[in-house]
Amino acid sequence: FFWNIYREPLHEHCCKLVPILVQTIGLQPPPKSQCVAYTDFMSLQVKLTSMIAFAIKFIPDVMRPYQESIAKSVVTILQNIPSEASFRKDFFFSLRYYYLNLPESRSMYVCYLDQFLDEKTMIGSGRPTTELRWMAWSCVIDFIH
């Protein structure tokens, strides 16, 4: 709704914000030994990937120069994400509906197909993540299809 009304000012501000967002999702998380900081940082990155996914849909011209670094960061986040199901569920939603299925960004993920087919990468380890097995594999199937 706001995008339609304030398209020009939002576009201008997004152009300034996008490089910061892309740089932030590309940062390495703190050591896993700092459990709270690690979890908070990964939560931030998952939320930012959702925001970037929204931007890819509405301002693809601004996002185009960053697609390769976004793709690399998305795969790295998927590999680093903690085993807590809430993180993975939010991330899979963005991954499935925005990153892997939009024609603008789909081609950037072809080179990462091996990582998407790796069960440890997609599902993680631990009991909470087994509940999301169906969601992970449906992302992969939609991407391949």
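## A walk through an all-helix chain

Residues 24 or more positions apart make up 66% of the contacts in the chain that have a separation of 6 or more. Keep that in mind as we go through this predicted model, and let us begin with its overall plan. The chain holds eleven helices and zero strands, so the order of elements from the N terminus on reads α-α-α-α-α-α-α-α-α-α-α. Of its 145 residues, 43% count as buried.

How much confidence does the predictor place in the chain? The average pLDDT is 82, and 88% of the residues score at least 70. Among the elements, helix 1 (residues 2–5) has the lowest mean, 61, while helix 5 has the highest, 90.

Helix 5 is a good place to look next. Its 14 residues reach 20 Å from the first C-alpha to the last, close to the 20 Å expected at 1.5 Å a residue. Which of its residues are buried? They are Q67, I70, A71, S73, V74, V75, I77, L78 and N80. It helps to recall some helix geometry here: an α-helix has 3.6 residues a turn, so residues three or four places apart point the same way. With that in mind, you can trace the buried set on the model, including I70, V74 and I77.

E68 also sits in helix 5. Is E68 buried or exposed? E68 counts as exposed because its relative accessibility is 60%, and the cut-off for exposed is over 50%. Its C-alpha atom is separated by 8.7 Å from that of Y109, a residue 41 positions apart from E68 along the chain.

Helix 5 matters for the next stop too, the largest pocket, where helix 5 gives the most to the lining, with three residues. About 180 Å³ of space lies in this pocket. Its lining is made of 13 residues, and K32, Q79, I81, S83 and S125 are the ones that lie nearest the centre. The elements that give two or more residues to this lining are helix 5 (67–80) and helix 9 (119–123). If you are thinking about chemistry, the lining residues divide into four nonpolar, six polar and three charged.

Now turn to two buried residues in other helices. T24 has its place in helix 2 (residues 7–25). Why does T24 count as buried? Its relative accessible area is 18%, and buried means under 20%, so T24 falls within the cut-off. Leaving aside residues up to four places away in sequence, T24 touches F41, L44, Q45 and L48.

S105 is found in helix 7 (residues 103–106). With a relative accessible area of 2%, S105 is buried as well. The C-alpha atoms of S105 and I56 are separated by 8.0 Å, although the two residues are 49 residues apart along the chain.

We can finish at helix 11 (residues 133–144). How does the span of helix 11 compare with what its twelve residues should give? At 1.5 Å a residue they should span 16 Å, and the end C-alpha atoms are 17 Å apart, so the two values agree. The buried residues of helix 11 are M135, A136, S138, C139, V140 and F143. As with helix 5, you can follow that list along the helix in the viewer, for example from M135 to S138.

Methods
Residues are numbered from 1 along each chain as its sequence is written. This is a predicted model: local features need pLDDT of at least 70, side-chain atom pairs count only at pLDDT 80 or more; totals for chains, interfaces and linings use all residues. Side-chain values use heavy atoms; hydrogens and water are left out. On a 1 Å grid over the protein atoms alone, a cavity is a set of points where a 1.4 Å probe fits but cannot get out, and a pocket is an open set with protein on both sides within 12 Å along at least five of seven lines; lining residues have an atom within 4 Å of a point. Grid points are joined across faces, edges and corners, and a volume is the space filled by probe spheres set on the points. Helices (H or I, at least four residues) and strands (E, at least two) are DSSP runs, numbered from the N terminus. Ala, Val, Leu, Ile, Met, Phe, Trp, Tyr, Cys and Pro count as nonpolar, Asp, Glu, Lys and Arg as charged, and the others, Gly among them, as polar. pLDDT is the predictor's confidence in each residue, from 0 to 100. The expected span of a helix is 1.5 Å times one less than its number of residues. Buried means under 20% relative accessible area, exposed over 50%, partly exposed in between (1.4 Å probe, protein chains only). Contact means heavy atoms within 4.5 Å.
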